[in-house]
Amino acid sequence: MKTSYEYLKGLIKTKSTRRFKADSVAEFELWRKEFINWLQGLFVDMGVSRSEPGIFNLEITDKKDYDAYKRIDIQFHNPEFNLTVSGTILEPVEKNGAGIVCQHGHGKSGRLPIIGDLSNEEVIDEKEILRHGFGLRFAQAGFTVIAIDLFNFGERSMPPTGREKCDMLGHFLNLFGINLVALQLSDIRHAISVLSSWDGVDPERIGIAGLSQGGRMTMFTTAFDERIKVAVASGCCNTYRDRIEKLSGACGAQIVPGLLPDADTPEIFSAIAPRPLQLQWGNKDQLIIPEPAKKGIGYIQKCYSASGNAQNFSVDKFEGGHEFDFKPALKWFVKYL
């Protein structure tokens, strides 16, 4: 008789049915189009529209001027899930015309550490531990930045529970036929629309950066939405299969029903090609299991080579843990945006 773990191990031995197996540019482009169509369809079935979302009930809730930038706190409506999204625009005094969506990870404070908010000790600690603040640093470098609180983080967090709150929320939403990843993807796509229309931002020069949960949403968003031209994803080059095998956990905010028979993270990252993608991997990051991560990166490299744009994929292997490595990310955005 198989135990539950033995049953899971049998499932993860299966190969993704949508892996790219050829090597020509034409074959890769055909695979990419078919893959993105499938991925979009997966999320369309969960309430996310393929079309570019509009801007609904955008409201400025606060505004502060600093020497090099303005902090503009905003709210907007997401009609796909009937939600109000809280966020911040960091607008440089000297704009370079490009915009970056900066997405936080699985911290208590949501977007605040990303935008360099130092309003309380908890935010300061999170900012320092994860080398957050990259949204503020991008703004200081001339990029217009938008950072939103993902659903269940920051201003949008549920009350404390006796269990992991994202798992609880994910389970409860499932009872209503709502997927948390789809909801968050929809929120970010509406944020892209806000940033693309912001004064002084070229809608053809939009990038995205994220750490951990934010890196995972960077992956899904960039693959789904081709308005994103450049991406940097940190702390997320692991795969779902290796996390299952090692029983290392997978947050409820990252679970997409029906994903793994068709694709795992290497296939989704590969579908971003030929658009520039930088993956960041701290060599002390305990959430990334080295061997499967190396295999996944190897697959992504082969796909970028098959696309004819091997130079558009980069791995920043740095000395550090589960954190964001700002300088290589800045060079990447400067080069491609």
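**Figure 1. Arginine 71, a buried residue of strand 2 in the predicted model.** In this predicted model, the relative accessible area of arginine 71 is 13%, and the residue counts as buried because this value falls under 20%. Arginine 71 belongs to strand 2, which spans residues 69-78. Its side chain makes a polar contact of 2.8 Å with the side chain of aspartate 117. Once neighbours within four places in sequence are set aside, the residues in contact with arginine 71 are Asp62, Lys63, Lys64 and Tyr66, together with Thr88, Ile89, Leu90, Leu112, Ile115 and the aspartate partner, Asp117.

**Figure 2. Asparagine 78 of strand 2 and its polar contact with aspartate 187.** Asparagine 78, which also lies in strand 2, has a relative accessibility of 0% and is therefore classed as buried. The side chains of asparagine 78 and aspartate 187 are joined by a polar contact of 2.7 Å. Beyond the residues up to four places away in sequence, asparagine 78 touches Leu83 and Val85, as well as Leu183, Ser186, Asp187 and His190. Of these partners, histidine 190 is separated from asparagine 78 by 112 residues in sequence, while the C-alpha atoms of the two residues are 6.8 Å apart in space.

**Figure 3. The crossing of helix 6 and helix 7.** Helix 6 (residues 180-196) and helix 7 (residues 213-224) have axes that come within 10 Å of each other and cross at roughly 70 degrees, which means that helix 6 is roughly perpendicular to helix 7. The crossing of these two helices is right-handed. On the side of helix 6, the residues that meet helix 7 are Val181, Gln184, Leu185, Ile188, Arg189 and Ile192, and their counterparts in helix 7 are Gln213, Met217, Phe220, Thr221 and Phe224. Sorted by class, the residues of this contact between helix 6 and helix 7 comprise 7 nonpolar, 3 polar and 1 charged.

**Figure 4. Arginine 189 of helix 6 and its polar contact with aspartate 225.** Arginine 189, located in helix 6, is buried, with a relative accessible area of 2%. A polar contact of 2.9 Å links the side chain of arginine 189 to that of aspartate 225. Leaving aside neighbours within four places in sequence, arginine 189 is in contact with Val48, Ser49, Arg50, Ser51, Glu52 and Pro53, and also with Phe224, Asp225 and Arg227. Arginine 189 and valine 101 are 88 residues apart in sequence, and their C-alpha atoms are 9.9 Å apart in space.

**Figure 5. Backbone geometry in three loops, at asparagine 152, serine 212 and proline 274.** Most residues other than glycine have a negative phi, and most peptide bonds are trans. Asparagine 152, in the loop between strand 5 (144-148) and helix 5 (165-175), has a positive phi, near 90 degrees, and is buried, with a relative accessible area of 1%. Serine 212, in the loop between strand 6 (206-211) and helix 7, likewise has a positive phi, of about 60 degrees, although it is not a glycine; with a relative accessible area of 14%, serine 212 is buried. The peptide bond from alanine 273 to proline 274 is cis, with omega near 10 degrees, and proline 274 lies in the loop between helix 9 (265-270) and strand 8 (277-282).

Conventions
Residues numbered from 1 in each chain as written. Predicted model: local features only at pLDDT ≥ 70, side-chain atom pairs only at ≥ 80, totals over all residues. Heavy atoms only, no water. Axes fitted to C-alpha atoms, helices over the stretch in contact; angles between N-to-C directions. Helix = DSSP H or I, 4+ residues; strand = E, 2+ residues; numbered from the N terminus. Parallel < 35°, antiparallel > 145°, perpendicular 65-115°, else oblique. Left-handed = near helix turned anticlockwise from the far one by under 90°. Contact = heavy atoms within 4.5 Å. Nonpolar A, V, L, I, M, F, W, Y, C, P; charged D, E, K, R; others polar. Buried < 20%, exposed > 50% of the residue type's maximum accessible area, 1.4 Å probe, protein only. Polar contact = N/O pair within 3.5 Å; in protein donor to acceptor, adjacent residues only side chain to side chain.
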